[in-house]
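Colleague: Could you take me through one part of this chain in detail, and then set that part against the chain as a whole?

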Amino acid sequence: MDYRVTTVGYMKLNTLGSSTVLEVGDSEKLTPFNYTIAVQREQAIFIQNEFRFSDYSLFSRPLLDPVIHEDLSMKRTNVSPNIRVDRINMFLVNSSSIAHIGSSDNLIAQSRIKHIRHLLRERPAAPAAT
C-alpha cells in the first residue's frame, strides 16, 4: 500500500453510530461489524433477556466472500503524495459503516439485523352503520 499524507480542512459530523469507523489517514485493516435485534411492538411490553443472538442462525452463519466473475486489473498512479480535502459535512455514519479519508489495504464490514414485529391480533371490523 502506498502511504500518503491526509489533510482535512474542516469536518462536521452530526452522528457517529454503532460499530462505525471514522478514519482520517491511512489504515492497514478495518473490520467494523454490527449485530442488532430490532423489535417493534404495538404495545410497549419489555421482558429482560427475551431475545438472544444465539437463538437466530443469522448471527452465527459464516461470512461469505463475494465471488467475482470478471478479470479485474487496476493500475493506479498517485500523482501527489497528499490527499487534501477542503470541507466535509456528514449527517450520519451508522451500522458498520466506514467514513474514510485516506488509503486502505483491507476492508471487511458486516451488519446483520434481525427485524421482529409483534403485532396485536386483528380486531373484527365494526358493523357498518345503517
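Modeller: What follows begins with one serine and its strand, and then moves outward to other sites and to the overall form. The model is a predicted one, and in it Ser27 lies in strand β3, which covers residues 27-30. Because its relative accessibility is 8%, below the 20% limit, Ser27 counts as buried, and its side chain is joined to that of Ser104 by a polar contact of 3.3 Å.

Turning to the surface, Leu16, Leu22 and Val24 make a nonpolar patch of about 230 Å². Of these residues, Leu16 is found in strand β1, residues 5-16, and with 43% relative accessibility Leu16 counts as partly exposed.

A loop site offers another view: Asn49 lies between β4 (33-41) and β5 (82-93), is exposed at 62% relative accessibility, and has a phi near 55°, a positive value in a residue other than glycine.

As for the whole, the protein chain has eight strands and zero helices. Its radius of gyration is 23 Å, well over the 14 Å that the globule rule gives for 130 residues, so the chain is more spread out than a compact globule. Along the principal axes, the C-alpha atoms fill a box of roughly 80 × 35 × 35 Å, and 15% of the 130 residues count as buried. The protein chain exposes about 10800 Å², of which carbon and sulfur atoms supply 51%. Among contacts between residues at least 6 apart in sequence, 78% join residues at least 24 apart.

How values were computed: Residues numbered from 1 in each chain as written. Predicted model: local features only at pLDDT ≥ 70, side-chain atom pairs only at ≥ 80, totals over all residues. Heavy atoms only, no water. Helix = DSSP H or I, 4+ residues; strand = E, 2+ residues; numbered from the N terminus. Buried < 20%, exposed > 50% of the residue type's maximum accessible area, 1.4 Å probe, protein only. Polar contact = N/O pair within 3.5 Å; in protein donor to acceptor, adjacent residues only side chain to side chain. Patch = residues over 30% accessible without salt bridge, like charges linked within 9 Å, V, L, I, M, F, W, Y side chains within 5 Å. Areas by Shrake-Rupley, 256 points an atom, 1.4 Å probe, with all protein chains shown as cover. Salt bridge = Lys/Arg side-chain N within 4 Å of Asp/Glu carboxyl O. Rg over C-alpha atoms; globule rule 2.2 N^0.38 Å. Contact = heavy atoms within 4.5 Å.
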